[in-house]
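Subject: Handing over the two-chain model

Hi there,

Here is the structure I promised to pass on to you. Have a look at it first, and then read on for what turned up in it.

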Amino acid sequence: MRKLALITVLLMGGLLFYGTPDFPSWGDPQSPASLHVSPYYIEHSVEDTAVPNIVTAILADYRGYDTMFETAVIFSAGIACLFLLRVYRHKSARTRLYRHNLTGVTLRIAKGGKLPEGSAEFERIDSHWVPYDMIIRVTSRLTVPFVQLFALYVIAHGHHSPGGGFQGGVIFGAAIILYAISNDLRGAFRRLSEKAALLASAAGVLIYVGTGLLCLLLGGSFLDYSKLAGILHVDAIMARSHGILIVEIGVGLAVMAVMVSLYYNLSSAGRHDEGL
Amino acid sequence: MIWPVDLIIMVLVMICGIGAIMVRDLLGAAILFGAYSFMMCLLWAIMGAVDVAFTEASVGAGVSAVFFVAAVFRTSRRTKD
């Protein structure tokens, strides 16, 4: 069976290598794509949408459908992970570990014991060994706000520089994941609960689809942002620029929430109790 | 495009890609996959596709590596085949 798989893979790889020379060479101005497709967007995207970054204009405006369903794919990936992994179980029956913060003594509290829940002197720790490392905690605490700020910049500045909803959303999610790794999963839950993450992911997709529907209601076609001009009090070209921003915010919200929700489910095997 | 840099990155992409499927330790495979993503990100950046490079760096090398490590942490580090 392994030999058969190897032969298939080698055959496919050989075919791909055989087909590669037929492609136009990299950056060839005479290739069909450079002759018929690209010139339109290079020449018209700024006058159509007032967005200097052509990639953003194409992704969120000319091919808005594509990006909308990409967001829907990411949303369904988060939902699928939730369905596969999430375990709903009240109060795990296992023993719990608490650390006395002043002395560093670790208490093991067996099943049925009195838990020092809510006490400021004790902190619950994961059942596998976790050293209390001040450097990691302080460094990540200093880093997280800047990472989040950079993520917002990437989303907001996607019109002018590389970036946009996907990248910004992933970076924002990574900031929350960094917090969850450096502290613990329960601390991350206090900041962004599972319910909030799921609601945000659905809200992001709804913002995107809602913008499209609003254009439909205002008499245009689906995702035709120029029809938003009446609501936003700008001309039709700037309305397309602002429409792209609204949609990017929706994408960013959905991607951020899905990344965090995926991490919550993967790192705790769906129990949402003890993480990485 | 500077061809020696291009060639070095291409070779590293291949080494990382083959290593990620050959290595027995799944944690090592996850890290090699992250390295592969980062090298691909450099290749995109060299070819001028900065938006794709940005996505590759944040999704491929950043978050998905964390997901792989989390999955390895919750399952097993050794592969059967």
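Of the 81 residues in chain B, buried ones make up 25%. Please keep in mind throughout that this is a predicted model. Chain B is made of 3 helices and 0 strands, so to speak an α-α-α run when you follow the elements from the N terminus. Along the principal axes, the C-alpha atoms of chain B fill a box of roughly 40 × 20 × 10 Å. If you take the contacts in chain B between residues at least 6 apart in sequence, 49% of them join residues at least 24 apart.

How far does the predictor trust its own work? For the complex it gives an ipTM of 0.90 and a pTM of 0.88. Chain B has a mean pLDDT of 89, with 99% of its residues at 70 or more. Among the elements of chain B, helix α2 (residues 26-46) has the highest mean pLDDT, 92, and α3(B) the lowest, 90. Chain A averages 86, and 97% of the residues there score at least 70. Within chain A, the highest mean among the elements belongs to helix α1 (residues 2-19), at 93, and the lowest to β3(A), at 78. As a general caution, predicted coordinates should not be read in detail where pLDDT is low.

Next, the place where the chains meet. The contact takes 18 residues from chain A and 15 residues from chain B. On the chain A side, α6 (165-182) and α10 (236-267) each supply at least two of the residues that touch chain B. The element that gives the most to this side is α6(A), with 7 residues. What kinds of residues does chain A bring to this side? They divide into 14 nonpolar, 4 polar and no charged.

The two chains also come together in the largest nonpolar core, so let me turn to that. That core has 52 residues, and A254(A), V255(A), M259(A), V260(A) and Y263(A) are the ones with the most contacts inside it. From chain A, the helices α3 (54-62), α4 (64-85), α5 (134-156), α6, α7 (185-191), α8 (194-217) and α10 each supply at least two residues of this core, as does α3 (50-74) of chain B. The most comes from α10(A), with 17 residues. For a closer view, pick V260(A): leaving out residues up to four places away in sequence, V260(A) touches G173(A), I176(A), I177(A), L192(A) and A197(A). Apart from the largest core lies another one, of 10 residues, with A30(B), F33(B), Y36(B) and M39(B) among them.

Chain A also has some strands to look at. An open sheet of 3 strands is found there, in the order β2-β1-β3, and the pairing is antiparallel. Which strands stand at the edges? They are β2 (106-109) and β3 (122-125) of chain A; each has a single partner strand, so one side of each is left without a neighbour in the sheet. From one strand to the next, the twist averages 35 degrees.

The pairings can be followed residue by residue. Strand β1 (residues 96-100) of chain A pairs with β2(A) in the antiparallel sense over 4 bridges. Y98(A) has L107(A) in β2(A) as its bridge partner, and R99(A) stands opposite T106(A) in β2(A). The hairpin of β1(A) and β2(A) has 5 residues between the strands, and G104(A) in this hairpin takes a positive phi near 80 degrees. β1(A) and β3(A) run antiparallel too, joined by 4 bridges. There, L97(A) has I125(A) in β3(A) as its bridge partner.

One last residue to find on your screen is Y88(A), in the loop between α4 and β1 of chain A. Is Y88(A) buried or exposed? Y88(A) has 7 other C-beta atoms within 10 Å, and is therefore exposed. The C-alpha atoms of Y88(A) and V255(A) are separated by 24 Å, with the two residues 167 apart along the chain.

Happy exploring, and do write back if anything is unclear.

Best wishes

Note on methods. Residues numbered from 1 in each chain as written. Chains lettered and ligands numbered in written order. Predicted model: local features only at pLDDT ≥ 70, side-chain atom pairs only at ≥ 80, totals over all residues. Contact = placed C-beta atoms within 7 Å. Nonpolar A, V, L, I, M, F, W, Y, C, P; charged D, E, K, R; others polar. Pairing = 2+ DSSP bridges. Axes fitted to C-alpha atoms, helices over the stretch in contact; angles between N-to-C directions. Core = buried A, V, L, I, M, F, W, Y, C linked by C-beta atoms within 7 Å. Buried ≥ 20, exposed ≤ 12 C-beta atoms within 10 Å, placed from the backbone. pLDDT = per-residue confidence, 0-100.
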